[in-house]
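Work through the two exercises below with the model open. Try each task before reading its solution.

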Amino acid sequence: MAAWNCGWCGEHAYMQPTDQGWVVPLTRKEQQEKSVPPISRVYTTMQCSACLGRSIAFTVIGESPARAAQLDDVEEFWRENKPADVAPQWVEGKIFKHVPKYIAKAASEAYKCHGIGAYMSAILMARTSIEAAAKDNKVESGSLATKIDKLADDGLIRKTIKDAAHQVRLFGNDMAHGDIEIEATENDSAQILRLLTMVFEDSYEVVGVMGEVGISLEVRKSGGVE
């Protein structure tokens, strides 16, 4: 049985075929590009075992449409043939537990943009998230460069993290100002998101976790546990 992260609920779940499926030939261009079989595309509607949402799966096979259409055991077919692609696809964001919700949502959107290959958008949203974090910490005046320096001067982020924040800013600035001749790559986006996460860990997550540990210590003390 085919299984993947459901595009509706995100669970890694088994997918049950709900129809016999349908077969179409590859376009002439696709066949020329492949130069050899597979020559047909097989589509089927699949139902998620977790949420019952339905997705479309397809794969390509080396059978003519007429012959492929005779495949009558659809479950056996999908046990033996992994889907080449599915729709909708689940796009993973990122949870920032101790970051204000509206900022965490923007940062998670940066990760989702990365997940669908929208690397410029991911970098721009990372820059936006850092500026929003500065404003949340009452650093509101001046350019983003000034805001980042102020965060460091006030002890809200460490010097090394200040440098990381500036790297995110510089990447984002180019795109925000229309300098997009050089294409942003997957690696560019991934590195920027790593730096964004470091900034948030320094400015929010460490303090948040310390607070949780402090509460746990108080509970232990109140229960007489040393």
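**Exercise 1: one helix and its cover**

This is a predicted model. In helix H6 (residues 144–153), the buried residues are Leu144, Lys147, Ile148, Leu151 and Ala152. Explain why they lie on the same side of H6, and find what covers them.

*Solution*

Step 1. Look down the axis of H6. The buried residues cover an arc of only 140° around the axis, which puts them on the same side of H6.

Step 2. Recall the helix geometry. An α-helix has 3.6 residues a turn, so residues three or four places apart point the same way.

Step 3. Look for the cover. It includes helix H5 (119–136) and helix H7 (159–176).

Step 4. Move just past the end of H6. There, Gly155 takes a positive phi of about 80°.

**Exercise 2: one strand and its partners**

Strand S4 spans residues 40–48. How many of its nine residues are buried? Which sense does its pairing take with S2, S3 and S5?

*Solution*

Step 1. Check burial. Seven of the nine residues of S4 are buried, so the strand is mostly covered.

Step 2. Take strand S2 (residues 12–17). It pairs with S4 in the antiparallel sense over three bridges. Met15 has Cys48 of S4 as its bridge partner.

Step 3. Take strand S3 (residues 22–25). Four bridges join S3 to S4, and the two run antiparallel. Val23 stands opposite Val42 in S4.

Step 4. Take strand S5 (residues 54–61). Eight bridges join S5 to S4, again antiparallel. Gln47 has Arg54 in S5 as its bridge partner.

Step 5. Inspect the hairpin of S4 and S5. Five residues sit between the strands, and Leu52 takes a positive phi near 70°.

Terms used:
Residues are numbered from 1 along each chain as its sequence is written. This is a predicted model: local features need pLDDT of at least 70, side-chain atom pairs count only at pLDDT 80 or more; totals for chains, interfaces and linings use all residues. Side-chain values use heavy atoms; hydrogens and water are left out. Buried means under 20% relative accessible area, exposed over 50%, partly exposed in between (1.4 Å probe, protein chains only). The arc is that of the directions from the helix axis to the C-beta atoms. Contact means heavy atoms within 4.5 Å. Two strands pair if DSSP finds at least two bridges between them.
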